Amino acid sequence: MEIPLHTDRLVIRDWTVDDAEAAFEIYGAEDVTHWLTPAMDRVGDIGAMRAVLNAWQEAQPNLPPPRGRWAVERIEDGAVIGGLGIRLLPPFEEDLELSWQLAPGAWGQGYASEAATALIEWAFTQDTEELFAVARPNNTRAIAVAKRLGMRWVGETDKYYNLRLQVYRIRHTDLID
């Protein structure tokens with residue numbers, strides 16, 4: 001695999017259990033977990049975060065590319081500021097979902113778009129034709145990122161995660177000028 005990926009400001013790399021404190025700033029924050037799909041309670045403490053990261057680490061080698069979960073690290077200071085994921089969407093497990101999560105202190109600086117763009121470009125080198133993003137209708141930040149990524153609105157559905165969600169899609173051909 002070509003992970004880690006590099007952008008001007010970021011490295012997208014595999015998670016390690018040593019990232020637990022930084023990951024807790026993301027997945028332990030109610031402002032983040034409130035919007036996640038599938039619905040997820042915030043991680044309660046650093047020990048629980050280590051267990052989650054350990055599970056992600058163990059699962060990663062068994063996932064066919066481009067599926068997986070990755071940390072987003074800022075090059076400037078080495079801080080882990082977010083996470084990215086590509087996974088199968090339920091219930092039919094045919095469509096691939098792109099997701100991004102950032103620590104609240106990293107919001108509004110273009111990191112989500114920058115990291116997700118790099119991951120999209122990489123995913124399309126892995127025999128992937130399209131990626132979807134889903135967002136709760138009131139999650140204006142996620143919807144804005146999806147649009148900045150060049151994703152197109154597909155519609156609204158309750159097909160995924162038993163939640164009413166906005167669906168966005170980008171196809172490999174959307175990146176070809």
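Which helices and strands each supply at least two residues of the lining of the largest pocket? Start there, and keep in mind that this is a predicted model.

**Stop 1: the largest pocket**

Select helix H2 (30-33), strand S5 (96-102), helix H4 (111-123), strand S6 (130-135) and helix H5 (140-148). Each of these elements supplies at least two lining residues. The pocket they help to line has a volume of about 580 Å³. To find its centre, show Trp100, Gln101, Asn139, Arg141 and Ala142 as sticks; of the 34 lining residues, these are the closest to that point.

Now colour the lining by residue class. You should get 18 nonpolar, ten polar and six charged residues. Then colour by element. H5 gives the most to this lining, with eight residues.

**Stop 2: helix H5**

Stay on H5 and select Ala142, Ile143, Val145 and Ala146, the buried residues of the helix. Turn the view until you look down the helix axis. The buried residues fall within an arc of 160 degrees, so they line one face of H5. The spacing fits a general rule: an α-helix has 3.6 residues a turn, so residues three or four places apart point the same way.

Next, look at the other side of H5. Thr140, Lys147 and Arg148 are exposed there. Go back to the buried residues and ask what covers them. The cover includes S5, H4, S6 and strand S8 (165-171). S5, H4 and S6 were also on the list for the largest pocket.

Before leaving, step past the end of the helix. Gly150 follows H5, and its phi is positive, near 90 degrees.

**Stop 3: the second largest pocket**

Move on to the second largest pocket, which holds about 170 Å³ of space. Select its lining: Trp56, Ala59, Gln60, Leu63, Arg67, Gly68, Arg69, Gly85, Ile86, Arg87, Leu88 and Ser99. Helix H3 (46-59), strand S3 (68-74) and strand S4 (80-88) give two or more residues each. S4 has the largest share, with four residues. By class, the lining divides into five nonpolar, four polar and three charged residues.

Keep Trp56 selected, as this lining residue leads to the next stop.

**Stop 4: the aromatic pairs**

The structure holds four aromatic pairs. Two are worth a close look.

Add Trp15 to Trp56. Their rings form a tilted pair, 5.9 Å centre to centre, with 50 degrees between the planes. Where in the chain do Trp15 and Trp56 lie? Trp15 is in the loop between strand S2 (10-14) and helix H1 (20-27), while Trp56 is in helix H3. They are 41 residues apart, so the pair links distant parts of the chain. Are these two residues buried or exposed? Trp15 counts as buried because its relative accessibility is 3%. Trp56 counts as buried too, at 14% relative accessibility.

Now select Trp70 and Trp122. This pair is edge-to-face, 5.8 Å centre to centre, with 75 degrees between the planes. Trp70 is in strand S3 and Trp122 is in helix H4, 52 residues apart, and the pair links distant parts of the chain. Both Trp70 and Trp122 are buried.

Finish by showing Tyr27 with Trp15 and Trp56. The three residues form one aromatic cluster.

Methods: Residues numbered from 1 in each chain as written. Predicted model: local features only at pLDDT ≥ 70, side-chain atom pairs only at ≥ 80, totals over all residues. Heavy atoms only, no water. 1 Å grid on protein atoms, 1.4 Å probe; cavity = no way out; pocket = protein on both sides within 12 Å on 5 of 7 lines; lining within 4 Å. Points joined across faces, edges and corners; volume = space filled by probe spheres on them. Nonpolar A, V, L, I, M, F, W, Y, C, P; charged D, E, K, R; others polar. Phe/Tyr/Trp six-rings, centres within 6.5 Å; stacked < 30°, edge-to-face > 60°. Buried < 20%, exposed > 50% of the residue type's maximum accessible area, 1.4 Å probe, protein only. Arc of directions from axis to C-beta. Contact = heavy atoms within 4.5 Å.
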